[in-house]
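Trainee: Could you show me how to read the features of a protein model, one at a time, with the general idea before the particular case?
Mentor: Gladly; let us look at the model together and then talk it through.

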Amino acid sequence: MGRQPRYAALLFDLDGTLGDTLELIYHAFNEALGPILGRDVSGDEIRARFGPPDGQILREWVAPDQGDDAVATYIAAYEAHHADFVQPFAGIRELLETCVDSGARVAVITGKSRVTAIVTLEQLGLMPMVEVLYGGDDVPRQKPDPLALTLALESFGIAPDSAVMIGDSAADVLAGKAIGAHTIGVLWGSPDHADLYAAGPEMVVDSVSALESLLFHA
């Protein structure tokens, strides 16, 4: 056992929390949608649709008979260009290793599809530290609905008041609060900090080292 954790279960968001994936997401969406729409789609347009899994977003953007091809192109582009665009946030890999060494249970709860979540976790070397993963297409309702959080904690046998949800979006905070878990907002991911603060996280941090200080006893 390593350091003493403050929480028995640590529930992490993925995009914008563990990995800086935003530019890759924009690129993959445009690889999939550009030939269909005949134009580039702005980052603001894409981010405004965040919430459902990426495949669902794509299908809502194109005709029914174009959905399968758009999703396949997106996944192929996401995987092929991952190394070109994505790095873990500095200190994240070491933090997750410390979490596991401490005996805390680690889950990732993300709105992105399971297949792209696995690509990111594997390519960033984070998958070995993740005990439970819920992608957006693993559950019928995504954050801010707390269903995936509830299922993860049930699999651990841990009560919500012994868990913390860590993420960069209002949806992460609202999902955690909905089941009585602790909540920590991080500022290095989403540019939409106003929404994060409005959701009312218990704590907000602007660095991985500050997050670590909240997760473990001194």
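What follows is a conversation about a predicted model, taken feature by feature.

Trainee: Let us start with helix packing: at what angle do the axes of helix 3 and helix 4 cross?

Mentor: In general, two packed helices are described by the angle between their axes and the distance between the axes. Here the axes of helix 3 (residues 54-61) and helix 4 (residues 67-80) cross at roughly 135° and come within 9 Å. Angles over 145 degrees would count as roughly antiparallel and 65 to 115 as roughly perpendicular, so helix 3 is oblique to helix 4. The crossing of helix 3 with helix 4 is right-handed.

Trainee: Which residues of helix 3 and helix 4 make the contact?

Mentor: Helix 3 contributes Asp-54, Gly-55, Leu-58 and Arg-59, while helix 4 contributes Gly-67, Asp-68, Ala-70, Val-71 and Tyr-74. Sorted by character, the residues of this contact are four nonpolar, two polar and three charged.

Trainee: How many residues does the largest nonpolar core have, and which have the most contacts inside it?

Mentor: The largest nonpolar core has 49 residues, and those with the most contacts inside it are Phe-12, Leu-18, Phe-29, Ile-92, Leu-211 and Leu-215. Helix 1 (residues 22-37) supplies the largest share of this core, namely seven residues. A second, separate core has 19 residues, including Leu-11, Leu-147, Ala-148 and Ala-175. To follow one residue of the largest core, take Phe-29: setting aside residues up to four places away in sequence, Phe-29 touches Gly-34, Ile-46, Asp-54, Ile-57, Leu-58, Trp-61 and Tyr-74.

Trainee: Is His-82 buried or exposed?

Mentor: A residue counts as buried when its relative accessible area is under 20%. Since His-82 has a relative accessible area of 1%, His-82 is buried. His-82 lies in helix 5 (residues 82-85), and, leaving aside neighbours within four places in sequence, His-82 is in contact with Leu-24, Val-119, Thr-120, Gln-123 and Leu-124.

Trainee: Which residues of helix 7 are buried, and what do they pack against?

Mentor: In an α-helix there are 3.6 residues a turn, so residues three or four places apart point the same way. In helix 7 (residues 114-123), the buried residues are Thr-116, Ala-117, Val-119, Thr-120 and Leu-121. The buried residues of helix 7 pack against helix 3, helix 4, helix 5, strand 2 (105-109) and strand 3. Thr-120 counts as buried because its relative accessibility is 0%; neighbours within four places in sequence aside, Thr-120 is in contact with Leu-14, Thr-21, Tyr-78 and His-82.

Trainee: Where is Val-86 found, and how far apart in space are Val-86 and Gly-19?

Mentor: Val-86 is found in the loop between helix 5 and helix 6 (92-102), and is buried, with a relative accessible area of 3%. Val-86 and Gly-19 are 67 residues apart in sequence, yet their C-alpha atoms are 6.8 Å apart in space. Not counting residues up to four places away in sequence, Val-86 touches Asp-20, Thr-21, Leu-24 and Leu-124.

Trainee: To finish with the backbone, which residues does a cis peptide bond join, and what phi does Gly-125 take?

Mentor: Most residues other than glycine have a negative phi, and most peptide bonds are trans. In this model a cis peptide bond joins Lys-143 and Pro-144, with omega about 15°. Pro-144 lies in the loop between strand 3 (132-134) and helix 8 (147-156). Gly-125, just after helix 7, takes a positive phi of about 70°.

Methods
Residues are numbered from 1 along each chain as its sequence is written. This is a predicted model: local features need pLDDT of at least 70, side-chain atom pairs count only at pLDDT 80 or more; totals for chains, interfaces and linings use all residues. Side-chain values use heavy atoms; hydrogens and water are left out. Helices (H or I, at least four residues) and strands (E, at least two) are DSSP runs, numbered from the N terminus. Axes are lines fitted to C-alpha atoms, for helices over the stretch in contact, and angles run from 0 to 180 degrees between N-to-C directions. Angles under 35 degrees count as roughly parallel, over 145 as roughly antiparallel, 65 to 115 as roughly perpendicular and the rest as oblique. A crossing is left-handed if the near helix is turned anticlockwise from the far one by less than a right angle, and right-handed if clockwise. Contact means heavy atoms within 4.5 Å. Ala, Val, Leu, Ile, Met, Phe, Trp, Tyr, Cys and Pro count as nonpolar, Asp, Glu, Lys and Arg as charged, and the others, Gly among them, as polar. A nonpolar core is a set of buried Ala, Val, Leu, Ile, Met, Phe, Trp, Tyr and Cys residues joined through side-chain atoms within 4.5 Å. Buried means under 20% relative accessible area, exposed over 50%, partly exposed in between (1.4 Å probe, protein chains only).
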